[in-house]
Amino acid sequence: MREKILIVGGAGYVGSMLTKKLLNKGYKVKIFDLFIYDVEFEKNNDLEVIKGDIRNIPLLKKALKDIDHVIHLACISNDPSFELDPSLGKSINFDPFEPFVKICIENKIKRFIYASSSSVYGLSKKKDVTEDHILKPLTDYSKYKVGCEEILSRYKHSDMVWTIIRPATVCGYSIRQRFDVVVNLLTNLAYNKKEISVFGGDQLRPNVNINDMTDSYLTVLKSDYKKTKYETFNVGYENLKVLEIAELVRKTINEKVNLKILPTDDNRSYHISSSKIEDVLNFKMKYTVEDAVKELVQAFESSMYIDPLIN
């Protein structure tokens, strides 16, 4: 009997591409998402879609029927968005989390994979930030990510195997594209405006190609329970300064692009190590930031985005 996955936030930037990958691998997938943005999935008998709010716990409970594993991706997904309405962000990113974990345990979910964030490390000068590094969240977004991790840590005596993933900043093409993350933002500006503005530039940002990001979830799903039970894994590949990303984008596009360097108050800077997921689960990154830029350029050249500078 094939396993059935519930992806909460399955119509988002990463979730939509993970859904496609899981279907291609033979899983049955159920998406629970608000569908704020238009995302079209190819018709597939193994795909079920529920339009719902994560704060609607009774609806979430219904969605768990016949589910084997849960991948929790849903959240207000970055610091600027969160800061637009902190109370709304908390009501989505944190408040429903423990009630959801409890009903997952009640419904005998086998695996629960939670997408945290590498931003929980905040500011660190350590060369390689590993999973046991002290957490220093600098924003409400990352503080509530830590809060959700702490909630999970209280459920180590249930039969549900939970795993925490701390992704680097994801980049690359998706059917539900985001242009507010650094590589995608700079590529968009460079290609469509021939101008990049870099705020600061010396801050280190760990990056991960969306193809590796989705593969990491698949790897956790397929791995021995003993290797993933109550474990936390960083998932990142290239640790680059923001200015280095800008220069890479200019080089990859191979056109004259004007570069402006402006001051910033955003001092988040950290350099994560993802050696644990390679050592424990034999997961190796295959795709680069340059690959992500090339994918986005190809999408622009194919006119796949109506007005990316607005959307």
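This briefing covers the nonpolar cores, a surface patch and the cysteines. The model is predicted: local features need pLDDT of at least 70, side-chain atom pairs count only at pLDDT 80 or more, and totals for chains, interfaces and linings use all residues. Residues are numbered from 1 along each chain as its sequence is written, and side-chain values use heavy atoms, without hydrogens and water.

**Nonpolar cores**
- The largest nonpolar core (buried Ala, Val, Leu, Ile, Met, Phe, Trp, Tyr and Cys joined through side-chain atoms within 4.5 Å; buried means under 20% relative accessible area, 1.4 Å probe, protein chains only) has 42 residues.
- Leu-22, Val-29, Ile-71, Ile-165, Met-213 and Tyr-217 have the most contacts inside this core.
- Elements giving two or more residues to this core include β1 (4-8), α1 (13-24) and α8 (210-222).
- Another core, of 28 residues, lies apart from it; Ala-74, Phe-97, Ile-109 and Tyr-155 are among its members.
- Ile-71 touches (heavy atoms within 4.5 Å) residues including Ile-5, Leu-18, Ile-113 and Leu-221, with those up to four places away in sequence not counted.

**Cysteines**
- The whole structure has 0 disulfides (cysteine sulfur pairs within 2.5 Å).
- Cys-104 is buried at 0% relative accessible area. Its sulfur is 13 Å from the closest cysteine sulfur, in Cys-148, too far for a bond.
- Cys-148 is also buried, at 0%. The Cys-148 sulfur has its closest cysteine sulfur in Cys-75, 9.1 Å away, so a bond is out of reach.

**Tyr-37**
- Tyr-37 sits in the loop between β2 (28-33) and β3 (47-51).
- Tyr-37 is partly exposed (20% to 50%) because its relative accessibility is 48%.

Conventions
Helices (H or I, at least four residues) and strands (E, at least two) are DSSP runs, numbered from the N terminus.
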